[in-house]
Amino acid sequence: MRSFLSHKKSDYFICAAVMLLLSLGLLSSNKYTLDILITTVYFCTIASAWNIMCGYTGQLSLGHGAFLGLAQYTSTLLYTKMDISPWLGMLAGGLTAMLLALLVGVLALRLKGPFFALATIALTTILEIFAVKFDGITGGSVGITIPYNPSLGNMIFKDYQPTYFLFLCLLALVLLTTIYISRSRLGSNLVAIRENDLTAASLGINVFRNQLYALMISSFFTGVVGTLYAQYVLFIDPAGSFSVIVSEKAALISIIGGAGTVFGPLIGGILLAPTEIFLRTWLGSTYQGAYLIVYGVVLIFVILTIPNGIAGTVSAYIRKCNCKTEQASGDD
Amino acid sequence: MLKVTELSTGYGENQVLFGVSIQIGQGEIAGMVGSNAAGKTTLLHTISGVNRVWAGKVEFCDENITKMTPQCRTERGLIQCPEGRRLFPSLNVLENLLIGSYSKRAKPKRNKSLKHVYEMFPILFERRYQPAGLMSGGEQQMCAIGRALMGDPALLIMDEPSLGLAPIIVQKVFEIIEQINREGVTILLVEQNVRKALSISAHAYAMESGKITMHGTGKELLQDENLRKTYLGI
Amino acid sequence: MKKLSWFLILMLASVTVLSGCSSSTPANTAKPAEVIKIGVIQPRSGPLAVSGEDSYWGTKIAIDMVNEAGGIKGKKIEAVVADVPNAGAAQNEVNRLIQNEKVKVITGIYGSAMAEVAAGICNRNEVLYWEHISVTDRLTKQGYKSVFRMHINGSLFGEQAAQIAESYAKKIGLDPTKATVAVVSENGDFGKSIAAGVDAYTKKAGTKIVLNELYDSKTTDTSPIVLKLKASNADIVIATSYINDGIDITKKSKVLDYSPKIFLGIGSGYGLAAYGKSLEKDAEGMIDLDPTSTPVLKNLDPNMAKAVEEFQKRFKAARGYDSPTVGYLAWQATWVLLNNVIATAGGTDNLAAMIKAAKELDIKVGSLPTGAGVKFDESGQNTRAVISAMQWQKGKLVTIYPDYLANAQGIMIPLPAWNKR
Amino acid sequence: MLLQLIVSGLLLGGIYALLSLGLSLIFGVSKFTNFAHGDFVMVGMYMAFVSYGMFTLTPYFSWPLVMLGGVGFALLLYLVARSTIEKSGLNQILVTLGLSMVLQNTVLLFFKSDYKSIPATFGSSIKLGTVFISTEMLIAFVIAVVITGGFFFFIKYTDTGRALRAVSDDRAASKLMGLPVNLLDPIAFCLGIVLACLAGALLMTVYPTTPTIGSGYNLIAWVTVVLGGLGYLQGALFSALLIGICETVSGFYLGADLRQAVYYVLFILVLVFRPQGLFAGLGMKKVKR
Amino acid sequence: MLSVQNVTKRFGGLAAVKDVSFEVETGSIVGLIGPNGSGKTTLFNVISGVYPLTGGTVTFDGRDISSMESSRVANLGLVRTFQIVKPFNELSVLDNVVAGAFQRCRNRDEAEDKAMVAMKMLDLAQYKDTLAKNLTLAAKKRLEIARILSTDPKMIMLDEVMGGLNPQETEQLVETVHRLHELGITMLIIEHKMKCIMELSSKVIVLNNGQLIAMGTPQAVVKDPEVIKAYLGADYNVESY
C-alpha cells in the first residue's frame with residue numbers, strides 16, 4: 001500500500017479522470033441529483049482534508065467539526081453582519097480554522113491515540129456549548145439563516161450547477177494538494193511519523209512541527225469547504241456545525257476508503273455518501289434508524305476485514321501482482 | 001524431561017530459530033549461553049508457548065506440547081522466570097507470589113509453597129505488602145524466583161537471572177538456583193555469566209544466530225577454546 | 001495504479017447509474033395526476049425522533065381520513081414520506097421531493113433547523129411549505145411567500161404563557177407588579193424564543209424577573225437548577241423543558257422540597273404521557289402550557305368532533321398511547337391544509353391559488369381541537385394559534401385554561417408544600 | 001447551599017463511578033479503547049426498563065437480569081472486538097464507534113425513540129440538617145457503593161482479580177507466567193460492561209432513557225478515567241465523585257448551560273498538562289508511553 | 001567530534017549510566033561494548049537526545065547538544081540506528097530511505113537519487129519497491145544504515161547492527177561499514193561480536209553497570225582483567241583459559 005510516494009503521473013491522471021467524470025454531473029439540472037453529488041463531493045473533500053492530517057500522521061481527530069464550525073460561523077457572521085462577501089469570508093473562515101488548529105496543535109498534538117481523539121471531541125463540544133451560550137454574536141442554538149440573495153458575489157446561486165462546480169474545484173484543489181504533499185518532504189516526514197515517531201525524530205524530523213503543519217493545512221481546507229457548504233445550505237446552527245458526527249463521518253469515509261492514500265477518501269466518499277442517502281430514503285421512512293444499523297454493520301465489517309481500507313487493499317494487491325511480474329521478468 | 005527437536009520460529013517474516021534441538025534430563029541443570037540476539041530468549045518463549053512454532057516439536061515429560069497454550073504448559077509444571085524479572089509493579093510482593101500459583105496445579109499447594117518461598121527468601125516475607133515495583137533489583141529477582149517457585153515447577157526456565165545485579169547478589173542467585181535444583185526441580189538456565197552458568201550446569205548448549213553451535217557438559221564447554229571465541233567473537 | 005483508476009471509474013459509473021435510477025423511477029409517474037402528492041417530512045431518526053414520529057402519525061392519519069372520505073375532488077392524496085433527521089438531510093430530501101417526486105406541497109417538520117432549510121428551498125422552488133410545529137419566530141420573518149405556520153411562534157407562546165401566569169397570580173391575590181418570576185429554559189431555540197417572549201411581556205406588565213436561567217436539556221442532573229430556583233425564591237416559575245429534564249426538575253423539586261406558589265411548565269417536558277407515567281402521584285397538580293391535548297369535543301363543531309374522535313382512536317391504535325400535543329398539531333395542520341387550502345385551490349398545481357386560499361382562511365378561535373383558529377398574517381404566521389393550561393389531575397391531563405377549552409377546574413393553586421400534597 | 005450541592009454531586013458521582021470503573025478495567029486489562037461504553041449504560045437502562053415492563057421489577061430487584069444481559073452484551077462486544085485487541089487502537093475506536101451506531105439504532109428500532117422511564121418507588125427525600133437527600137439517589141448510591149466495594153474486593157482479594165491486575169500491569173509477562181490472558185480478556189469485558197449496565201439500571205431509577213443517551217455517558221466515563229489516571233481503578237473512583245460534584249457546583253455557580261464545558265475544559269487541561277491523571281504520584285507509577 | 005563528559009542518567013533512583021566520559025575523534029571508529037544491561041543503549045539514547053540526561057555534557061562538533069531534541073541532534077549530522085530495528089514497515093524500502101534523504105533535499109527527485117546512492121552502497125537497490133516489513137533481518141539492518149546514511153551524517157551511531165546476523169552476513173556488513181568509514185564518516189558502534197569490534201574500531205570503550213571500566217585499543221581491552229570479569233563472571237579465572 002502507500003506506494004503513492006513513488007507515483008506521480010498516474011496520480012494526476014486519475015485525479016483528472018475522476019474530476020472529469022464527476023463534472024458530468026454539471027450536465028444535469030435535477031436538483032436532487034445535484035444535491036446528492038454535492039453532498040458526495042462535500043464529504044469527499046472533508047474526508048480528503050481530514051486525510052491530510054490524520055491519514056498521513058496516524059492521529060485520529062474526531063474534532064474536525066470544530067474547524068468546520070468555526071469557519072462557517074466566521075464567514076457567515078462576516079456576511080450577514082458586515083456584508084463581507086463570502087469569497088473573502090471563505091478565506092477568513094479557512095484562516096480562523098487554521099488559527100484554531102495552531103492552538104489545538106500546540107495543546108493536544110503531544111497526545112496520542114484515543115486521547116487525541118477524546119481531546120478533539122471535547123474541544124468540539126466546548127465550542128458548541130460556547131456557540132449556544134454567546135447568542136449575542138452567534139444567534140445561539142437557533143442558528144443563523146443566510147438570506148437568499150443569489151449573486152456571484154454572494155456565492156449564492158439559483159441553480160445548483162455553479163455550487164457544484166465550486167465544490168468540484170475545491171475537491172480538485174484538495175486532491176492536488178494531497179498529491180503534492182504526498183511527494184514533498186512534508187508528506188515523507190508525515191508517513192515516517194505515522195510509522196514510528198521515535199525513528200522519525202532520530203532522522204531529524206521534527207515530529208511536532210510537521211504534524212502541526214499538516215493539521216493547519218487540513219483545517220484550512222476543512223474550513224473552506226465548510227463555508228462553501230454553509231453558503232449552499234444557507235443555514236448554520238451550533239448542533240449542525242460543531243458536530244462530532246461530521247468529524248466521525250470524515251474519519252470513517254477516509255479509513256474505509258483508505259487513509260493515508262491520495263484517493264482513499266475519494267473512494268470512501270463516493271461509496272458511502274450516496275449509500276447513506278439511499279439507505280435513508282429507502283429504509284428511513286419505514287424503519288426508524290434501520291439505515292444506520294446497516295451503515296454501522298458495514299463499517300465494523302470493513303474495519304475488521306480490510307483495516308487498510310479499499311484503496312490500501314487494492315494497491316497492496318497491485319503491488320503483489322507487480323512484484324510477481326518483476327520477479328518473472330527478472331528485471332533490476 | 002524436555003526435548004526440543006528441530007525447532008524453527010520467528011517474528012513476522014523473520015526467522016530467528018533455525019532447527020534448534022536440545023534435550024534436558026530429569027533433575028539436571030542445563031545451561032544455555034550465547035551472545036545477544038542469538039535467539040535464546042526466543043527459544044525460551046517458544047518453549048513456554050508464547051511464540052508460535054513454525055516447524056519442529058517440543059516435548060515435555062514425553063508429551064507433545066508443541067501446540068499447547070502457555071497456561072496448559074504451566075499446568076504441567078513448565079514455569080518460566082522471565083528476563084528482567086517482569087514483576088507486576090502495582091501488585092505487592094505477596095500478590096506477585098500468589099499470581100505465580102494461579103494454575104490448578106499449584107493452587108492446592110499454595111500455602112506450603114508460600115511458606116517455602118518465605119523460608120528461602122525471608123526478605124520477601126518482610127516486604128510482603130510492599131509494591132513490587134519499589135524494591136531493589138536483587139529483591140525483585142528474589143521475588144521473581146519466588147513467584148516462579150509458587151507455580152510448583154517441574155522444569156524451571158530461568159532467563160538471565162543475574163542480569164543487572166550487583167556481584168554479591170549474583171553469587172546468591174546462583175546458590176539459590178543450585179538449591180532449587182537440589183530440591184528436585186529441573187532447571188534450564190540461560191545466562192550471560194558464562195563461567196558461573198557453565199560451572200553449575202550438568203549439560204550446556206551454546207547458541208549463535210539461531211542455531212546450536214556447541215553442546216556438551218558444562219565443564220567441557222567451559223574448557224573449550226571455541227566457546228571463548230564464539231562468545232567473545234574473537 | 002491503472003487498476004485502481006479502473007476501479008474508481010467503475011465505481012463512479014455505478015454511482016451515477018444508481019442516482020440516475022432513483023431519479024428516473026419516480027419520473028415515470030408523469031401520467032395525469034390521479035393523485036395529489038404531498039411531501040411529508042419529519043425527523044424520524046436521530047435525537048428529535050420522539051416527537052417527529054408522533055407528528056408523522058398525526059399527518060398520516062389526517063391524510064388517511066381524507067382519502068377514506070373520498071379524497072379531494074375525487075383524487076386521492078399520496079403522501080411522499082421522508083426521514084429528515086438534520087439540516088443536511090432536509091436539503092437533500094426536500095430537493096428529492098420537489099425535483100423527483102414533483103410535489104407541490106410539503107408539510108412538516110417539528111425541528112427548527114430543518115424547518116429553516118426546508119422553508120428556504122420550498123420558497124425558492126415555489127412550493128407551498130406548511131409548517132405545523134416548529135416555533136422559531138424567524139421562520140416567517142424572512143419574507144417567504146409560500147411558507148405558512150399553523151402553530152404559534154415562540155414569542156407569542158411566551159407572551160401567552162406570561163399572560164396565563166399573570167391571571168393565575170391575580171387569582172391567588174398576587175399583585176403582578178410585585179410578584180417575582182423565575183424563568184428557566186432549555187437552551188435550544190424552543191426554550192430561548194419562549195424565554196424572550198416571557199421577558200417581553202413581563203416588561204410590559206411590570207412584573208419582575210428575578211432569575212432567567214438557561215440550561216442544556218441533555219443535562220442529567222437538574223438539582224443545581226432547582227437549587228437556583230429555590231435560592232431565587234420567586235413566586236412564579238415558568239420552566240421550558242423537554243421531557244427528560246422536565247421530569248427531573250419535578251423530581252428534584254420534591255427531593256429538595258421546593259414548591260413555588262405557581263409552577264408553569266412549558267412544552268413537551270410537562271405534558272407527555274411519560275411525564276405522568278414516571279412521576280405518578282407527584283405529577284398531580286403540575287401545570288403544562290401548550291396547545292391542549294385534551295380537546296373538549298362538545299365545544300367543537302360536530303363534524304370536527306367526529307373527526308377528532310376518529311383521530312384519537314387511530315392514533316392510540318397506531319402508537320399505543322393517547323396523542324400528545326404534537327400529534328394534534330400535526331393532524332389539525334394537515335386537516336386544514338387538505339380540506340381548506342388544497343380543496344379550495346382545487347389541487348396543488350396552482351401555487352398562487354393555494355396561497356390565496358390560505359390567506360383567505362378565517363377560522364375562528366376554538367374551532368380546531370387544540371383551541372386554535374386560523375388567520376394568517378402577511379408573513380404567513382397563524383395569528384389565531386393559542387395555548388392553554390393543562391393540569392395533571394388524578395394521573396390524567398385536563399385542560400383548565402382558557403375557559404372555553406377547559407374541561408376541569410384548576411386545583412392546587414397556589415401549590416401546597418410537597419408534604420401536604 | 002454548597003453542602004447541598006456537594007451531597008447531590010456525590011450521589012451522582014457514585015453512579016458515575018460504576019461506569020468509569022468498568023471502562024478503566026477494560027482499558028487497563030485488554031488495552032482496549034471502548035468508545036461505545038456509554039451505549040452499554042443505555043442498554044442497561046433499557047434492560048431495567050424491560051424488566052419493569054415485563055415483570056414489574058424495579059431496578060433494585062432486576063439487577064440480576066441486567067447483569068445477565070450485560071454479560072451477553074459484553075460477549076457480543078468481545079466477539080466483535082476480539083481481533084483488534086493487541087492491535088491498533090485506532091481500529092478499536094472505529095469498531096466501537098460502529099458498534100455504538102448499531103446499538104443505538106437497534107434500540108431505536110425496537111423501542112422507538114420515546115423517553116422511557118419507570119415510576120419512582122419512593123420519590124421522597126430525607127432531610128439532614130439543611131441538606132435534602134433523595135431516597136432514590138441515596139439507595140442508588142448505596143447500591144453503587146456496595147457494588148464498587150464488591151468490585152474492589154474481587155479485584156483485590158480473589159485470584160481472578162489479582163490476575164486481572166497483573167495482566168493490566170504487564171500483558172506479555174502475564175502470558176509468560178501462564179495466566180490465561182485469552183480468558184481474562186472476556187472476563188474483564190464482562191465485568192466492565194456489567195458495571196456499565198448496572199450503572200444504567202441504577203440511573204433508570206432516577207432518569208428516563210432514550211436510544212441516544214449513551215454518547216453523553218461515554219464522554220463522562222472517559223473524562224473520569226483520564227482524570228483518575230489510566231488503568232488506575234481507585235483514581236477512576238475518586239474522579240467520578242469529583243466529576244459529580246463538579247457538575248452540580250459549576251451548574252449552580254456558573255450557569256447550568258456551561259456545566260459540561262467546565263469538565264471538558266478540565267479534561268483537556270489534565271490531558272495536556274497532567275496526562276498521568278490528577279491522583280498520580282500517590283505511590284502509583286507513571287503511565288508509560 | 002563527539003565529546004561525552006561526566007554523563008549520568010538516572011531512571012527514578014536507578015543510575016543507568018554513571019559519570020561516563022570519553023571522546024570520539026573525527027574520522028575514527030569507536031566501539032562501545034559491555035555485558036547486557038550495562039547501559040550502552042541508554043548512553044546512545046542520552047547522546048542522541050531521546051532521553052534528557054541527568055548530569056554532564058555532550059558536545060558534538062563543537063556544539064553543546066546536552067539538552068537538544070533528537071531531531072535537532074540529527075539535523076546537526078549525528079544520527080543513530082536502533083538496537084531493535086524500526087523500519088517504517090508499511091513503506092517501501094525506497095520510501096524508507098527517501099524519508100531520510102528528504103532531510104537534506106528539497107524535491108523528491110533529488111531525494112530519490114540520494115536514496116538510491118545510499119541503497120546501492122548497502123545492496124538494497126533490488127528491493128526498492130518491497131515493503132520494509134517483508135525484508136529479512138539482515139536487510140532490515142542494512143536498511144536502517146541506508147536510511148541514516150542518506151541524511152548526509154557527519155557521525156553515525158550503530159546499535160548492534162550485526163546482532164542476529166549469520167557469519168556471512170556479518171562479514172558483508174563489516175565490509176560495508178569499512179566502506180562508509182572510508183567516506184569519512186565518524187562512527188560509534190555498540191557491538192556484541194567482539195570480532196567485528198576488533199576488526200573495525202581503533203578504540204574501544206567498555207561499560208559495566210553503567211560505569212566506564214576500560215578504554216583503549218581493542219587488543220588491550222580484551223586482555224583487561226576487568227573486562228573479562230565483567231563479561232564472563234566475577235570469579236572467572238583469567239589464567240585458566
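Helices and strands here are DSSP runs, numbered from the N terminus, a helix having at least four residues and a strand at least two. The model is predicted.

**Exercise 1. Backbone angles in chains D and E**

Place Asp61(E) among the elements of chain E, and decide whether Asp61(E) is buried, partly exposed or exposed.

Solution.
- Step 1: Asp61(E) falls in the loop that runs between β4 (55-60) and β5 (63-64) of chain E.
- Step 2: Asp61(E) is not a glycine, yet has a positive phi of about 55°.
- Step 3: Most residues other than glycine have a negative phi.
- Step 4: The relative accessible area of Asp61(E) is 36%, so Asp61(E) is partly exposed.

Now treat Lys31(D) in the same way: where does Lys31(D) lie?

Solution.
- Step 1: Lys31(D) belongs to the loop between α1 (2-30) and α2 (37-55) of chain D.
- Step 2: Its phi is positive, about 50°, although Lys31(D) is not a glycine.
- Step 3: Lys31(D) has 40% relative accessibility and therefore counts as partly exposed.

**Exercise 2. Cis peptide bonds in chain C**

Find which residues the cis peptide bonds with omega near -10° and about -5° join.

Solution.
- Step 1: Most peptide bonds are trans.
- Step 2: The bond from Gly108(C) to Ile109(C) is cis, with omega near -10°.
- Step 3: Ile109(C) sits in the loop between β3 (105-108) and α4 (112-124) of chain C.
- Step 4: Ile413(C) and Pro414(C) are joined by a cis peptide bond with omega about -5°.
- Step 5: Pro414(C) is in the segment that follows β12 (396-401) of chain C.

**Exercise 3. Aromatic rings and charges over them**

Classify the pair Trp130(C) and Phe376(C) as stacked, tilted or edge-to-face.

Solution.
- Step 1: Over all chains, the structure holds 37 aromatic pairs.
- Step 2: In the pair of Trp130(C) and Phe376(C), the ring centres are 5.5 Å apart and the planes stand at 70°; planes over 60 degrees apart count as edge-to-face, so this pair is edge-to-face.
- Step 3: Trp130(C) lies in strand β4 (residues 128-131) of chain C, and Phe376(C) in the loop between α13 (351-360) and β11 (388-393) of chain C; the pair links distant parts of the chain, 246 residues apart.
- Step 4: Trp130(C) and Phe376(C) are both buried.

Next, which residues form an aromatic cluster in chain A, and which rings lie under a charged end?

Solution.
- Step 1: One aromatic cluster is made of Tyr42(A), Phe43(A), Tyr160(A), Phe167(A), Tyr229(A) and Tyr232(A).
- Step 2: Lys107(B) places its charged end over the ring of Tyr102(B), 5.1 Å from the ring centre.
- Step 3: Arg124(C) places its charged end over the ring of Tyr148(A), 4.2 Å from the ring centre.

**Exercise 4. Contacts between chains**

Determine which chains share the most contacts, and describe their interface.

Solution.
- Step 1: Six pairs of chains are in contact, and chains A and C share the most contacts.
- Step 2: Chain A and chain B have no contact, their closest C-alpha atoms lying 16 Å apart; chain D and chain E have none either, with closest C-alpha atoms 11 Å apart.
- Step 3: Between chain A and chain C about 4,300 Å² is buried, 64% of it on carbon and sulfur atoms.
- Step 4: Chain A gives 50 residues to the contact and chain C gives 45 residues.
- Step 5: Two salt bridges are counted between chain A and chain C; one of them joins Glu93(C) and Arg280(A), with the closest N and O atoms 3.2 Å apart.
- Step 6: Across this interface, 18 residue pairs are in polar contact.
- Step 7: Elements giving two or more residues to the side of chain A that touches chain C include α2 (31-57), α10 (207-233) and α13 (264-283) of chain A. The largest share, eight residues, comes from α13(A).

**Exercise 5. Two residues and their surroundings**

Decide whether Val30(E) and Asn96(B) are buried or exposed, and list what each touches beyond four places in sequence.

Solution.
- Step 1: Val30(E), in strand β3 (residues 29-33) of chain E, has a relative accessible area of 0% and so is buried.
- Step 2: The contacts of Val30(E) include Val24(E), Met187(E), Ile189(E) and Ser201(E).
- Step 3: Val30(E) and Ile189(E) are 159 residues apart along the chain, while their C-alpha atoms are separated by 6.1 Å.
- Step 4: Asn96(B), in helix α3 (residues 93-100) of chain B, has 0% relative accessibility and so counts as buried.
- Step 5: Asn96(B) touches Leu87(B), Phe88(B), Leu91(B), Ala132(B), Cys143(B) and Arg147(B).

Methods
Residues numbered from 1 in each chain as written. Chains lettered and ligands numbered in written order. Predicted model: local features only at pLDDT ≥ 70, side-chain atom pairs only at ≥ 80, totals over all residues. Heavy atoms only, no water. Phe/Tyr/Trp six-rings, centres within 6.5 Å; stacked < 30°, edge-to-face > 60°. Buried < 20%, exposed > 50% of the residue type's maximum accessible area, 1.4 Å probe, protein only. Lys NZ or Arg CZ within 6 Å of the ring centre and 35° of its normal. Contact = heavy atoms within 4.5 Å. Buried area = accessible area lost by both parts, 1.4 Å probe. Salt bridge = Lys/Arg side-chain N within 4 Å of Asp/Glu carboxyl O. Polar contact = N/O pair within 3.5 Å; in protein donor to acceptor, adjacent residues only side chain to side chain.
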